[in-house]
Amino acid sequence: MTIPPMRRPTPPRPRVLIIVQNLPVPFDRRVWLECRALTAAGYDVTVVCPKGKGDPRRAVLDDVTLLKYRPYAPGGGAAGFALEYVYSFLATAWLVLAARRQGRFDVLQACNPPDIFWPIARWLRWRDGSRFVFDHHDLCPELYRSRFPDGAGLPHRGLLALERATFRTADHVVSTNGSYAAIARERGSRDSADVTVVRTGPDPDKLRRAEPVEQLRRGRRHLVAYIGVMGPQDGVDLAMRAAHHVVHELGRDDVSFTFMGAGDCYDELVALRDELCLRDHVELPGRVPDETVVNVLSTAAVGLSPDPKNPLNDLSTMNKTLEYMAFELPVVAFDLKETRVSAENAACYVPDGDIAGFARAVAGLLDDEPLRRAMGDIGRARIEGAFGWPYQEAAYVRVYDRLVGRTPTEEHRVIVLPEDDEVPGARVPRPSRPVAGA
């Protein structure tokens, strides 16, 4: 009689809890890419986040457990944000306790804004020895200064204190770009070894140009697109005024605009569109499914990044800019430090606040198809190079493998990337003609 060999029990997958407050998952593209990277590397992932419209309270999607609470956003300035954050903290803590009943978490990841979840990280560390990863999406003190430039100093100091507590609690900081990493080192007093840059790069295999959909041009020759949040700091009102300049000042009746997204300023933007007599030219469909995004960006000729220069935007990477690049769209943007790092010669840069210049840049690109193609090729090459998610994923998973003491799989071995625009594949030949406004 042959005795079969004993099988060793399969070790349990390390459990990861990810907290997000400002967007539902999987609508938050960065967090969803992170979730998929971790599950592919053998982690058990649970996400706590607010509900989107029609979302269930609990779901399992692509092996990721999603626990969601009803969002609450009273608005009304700094006091409204404070109420929202208190509510979000309590709702999140309740769901964390519910998820903890299924077993301890090896790692907690908190994504900001806001910087309020470090007490949960400290409790889990005391209770279970859980490690804490701070996924540094935004600069909350700069966000306050950008949205409330004349606001009181006390809230700003409070935000700096919350940020400092988050940095100090974290076992590792994952920053979205070099500027944020520098703040983690300088303002957060973190060693370079405890900070990793993981850009929110699109997946080039999933975000790519498809066949255009002629109907989306709405009977005109060109379509110009915007996708993103519509908040006070996002500059969509400036893009709307630039569209007015294109249509009514430059006399361009051959252009349609589609602004996709939602946010605090959506209703104001609808009213502004009608006030500027752009109802026939500008479509505002709100938040749209991925299929619509692909169709619009595959049909558009130009992508708009109208974020104005302020303490937050100048140091932030705009996801929409990278998504335009993935779809081979030339970008028109106000001249921001990190936008230049991301796009280089895939964008046309306009001095901050120059609405007429923004409009002229759009019109100039519409009239120059060879230049549009050259800039689109540059943008796509950067996404297929080091700005794409596959290059970023390896560094992200490596953070977790190190924290839990795992040996990384061959697929996720770390790729060491130089800083900013010196990353491999970031630089490609310049277009044969100079980029307008660059």
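**Two sheets and a surface patch**

Biologist: In which sense do strand β12 (residues 302–305) and strand β13 (residues 331–334) pair?

Modeller: A quick welcome first: this is a predicted model, where local features need pLDDT of at least 70 and side-chain atom pairs count only at pLDDT 80 or more, while totals for chains, interfaces and linings use all residues. Residues are numbered from 1 along each chain as its sequence is written, and side-chain values use heavy atoms, leaving out hydrogens and water. Strands (E, at least two residues) and helices (H or I, at least four) are DSSP runs numbered from the N terminus, and two strands pair if DSSP finds at least two bridges between them. β12 and β13 have 3 bridges, and their sense is parallel.

Biologist: Which residue is the bridge partner of Leu304 in β13?

Modeller: Strand β12 covers residues 302–305 and β13 covers residues 331–334. The partner that Leu304 finds in β13 is Val332.

Biologist: Which strands stand at the edges of the sheet with the order β11-β10-β9-β12-β13-β14?

Modeller: These 6 strands form an open sheet with parallel pairing. An edge strand here pairs on one side only, and that describes β11 (282–286) and β14 (347–350).

Biologist: What angle does helix α12 make with β13?

Modeller: Helix α12 (residues 355–366) packs on this sheet and touches β9, β10, β12, β13 and β14; contact means heavy atoms within 4.5 Å. Axes are lines fitted to C-alpha atoms, for helices over the stretch in contact, and angles run from 0 to 180 degrees between N-to-C directions. For α12 and β13, that gives about 165°.

Biologist: Why do β3 and β8 each have one side without a neighbour in their sheet?

Modeller: They belong to an open sheet of 8 strands, in the order β3-β4-β2-β1-β5-β6-β7-β8, with mixed pairing. One side of β3 (58–61) and of β8 (195–197) is left free because, standing at the edges, each has a single partner strand.

Biologist: Is Trp126 buried or exposed?

Modeller: Trp126 sits in helix α3 (residues 118–128). Buried means under 20% relative accessible area, exposed over 50%, and partly exposed in between (1.4 Å probe, protein chains only). Because its relative accessibility is 67%, Trp126 counts as exposed.

Biologist: How much of the protein counts as buried?

Modeller: The protein has 14 helices and 14 strands. Of its 438 residues, the share that counts as buried is 55%.
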